[in-house]
Amino acid sequence: TKIELLHPLGDGSPIAKFLERNPGGGMHHVCYEVGDILAARDRLAAGGARVLGDGEPRTGAHGKPVLFLHPKDFAGTLVELEQA
């Protein structure tokens with residue numbers, strides 16, 4: 001288990017926008033490690049989840065491929081998938 005404490009890197013960062021909407025802070029997102037990020041993406045998309053961006057993994061903060069799923073599809077929680 002990892003817990004990340006996030007700080008905005010600039011006024012236009014996603015974290016800055018989150019803190020504007022939630023001045024008291026809170027949970028920004030939850031991340032799940034998956035063995036095969038493309039298979040997980042395809043399985044979740046087939047179930048109706050929307051993948052953010054162009055749908056292709058990009059390198060995340062830990063140097064591993066990541067994708068994000070739309071929070072409206074997960075009770076308001078942004079979901080990150082990270083290749084294990």
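**Notes on helix 2 and the largest pocket**

1. Start where helix 2 starts: a side-chain oxygen of Asp36 comes to within 3.2 Å of the backbone nitrogen of Leu38. Bear in mind that this is a predicted model.

2. Helix 2 covers residues 37-46, and Ile37, Ala40 and Arg41 are buried there. These three sit on the same side of helix 2, because the arc they cover around the axis is only 100°. Yes, an arginine is on that list: Arg41 counts as buried, with under 20% relative accessible area.

3. Now turn to the other side of helix 2. Here Arg43 and Ala46 are exposed. So much for the two arginines: Arg41 is buried, whereas Arg43 is exposed.

4. What lies over the buried residues of helix 2? The cover includes strand 1 (29-34), strand 3 (65-69) and strand 4 (78-83).

5. After helix 2 comes Gly48, and its phi is positive, near 105°.

6. On to the largest pocket, which holds about 1300 Å³ of space. Its lining runs to 42 residues, and those nearest the centre are Leu6, His28, His29, Phe68 and Glu80. Two or more lining residues come from each of helix 1 (14-21), strand 1, strand 3 and strand 4. Strands 1, 3 and 4 should ring a bell, as they also help cover the buried residues of helix 2.

7. Which element gives the largest share of that lining? Helix 1 does, with six residues. Sorted by class, the lining of the largest pocket has 19 nonpolar, 13 polar and ten charged residues.

Key: Residues numbered from 1 in each chain as written. Predicted model: local features only at pLDDT ≥ 70, side-chain atom pairs only at ≥ 80, totals over all residues. Heavy atoms only, no water. Buried < 20%, exposed > 50% of the residue type's maximum accessible area, 1.4 Å probe, protein only. Helix = DSSP H or I, 4+ residues; strand = E, 2+ residues; numbered from the N terminus. Arc of directions from axis to C-beta. Contact = heavy atoms within 4.5 Å. Polar contact = N/O pair within 3.5 Å; in protein donor to acceptor, adjacent residues only side chain to side chain. 1 Å grid on protein atoms, 1.4 Å probe; cavity = no way out; pocket = protein on both sides within 12 Å on 5 of 7 lines; lining within 4 Å. Points joined across faces, edges and corners; volume = space filled by probe spheres on them. Nonpolar A, V, L, I, M, F, W, Y, C, P; charged D, E, K, R; others polar.
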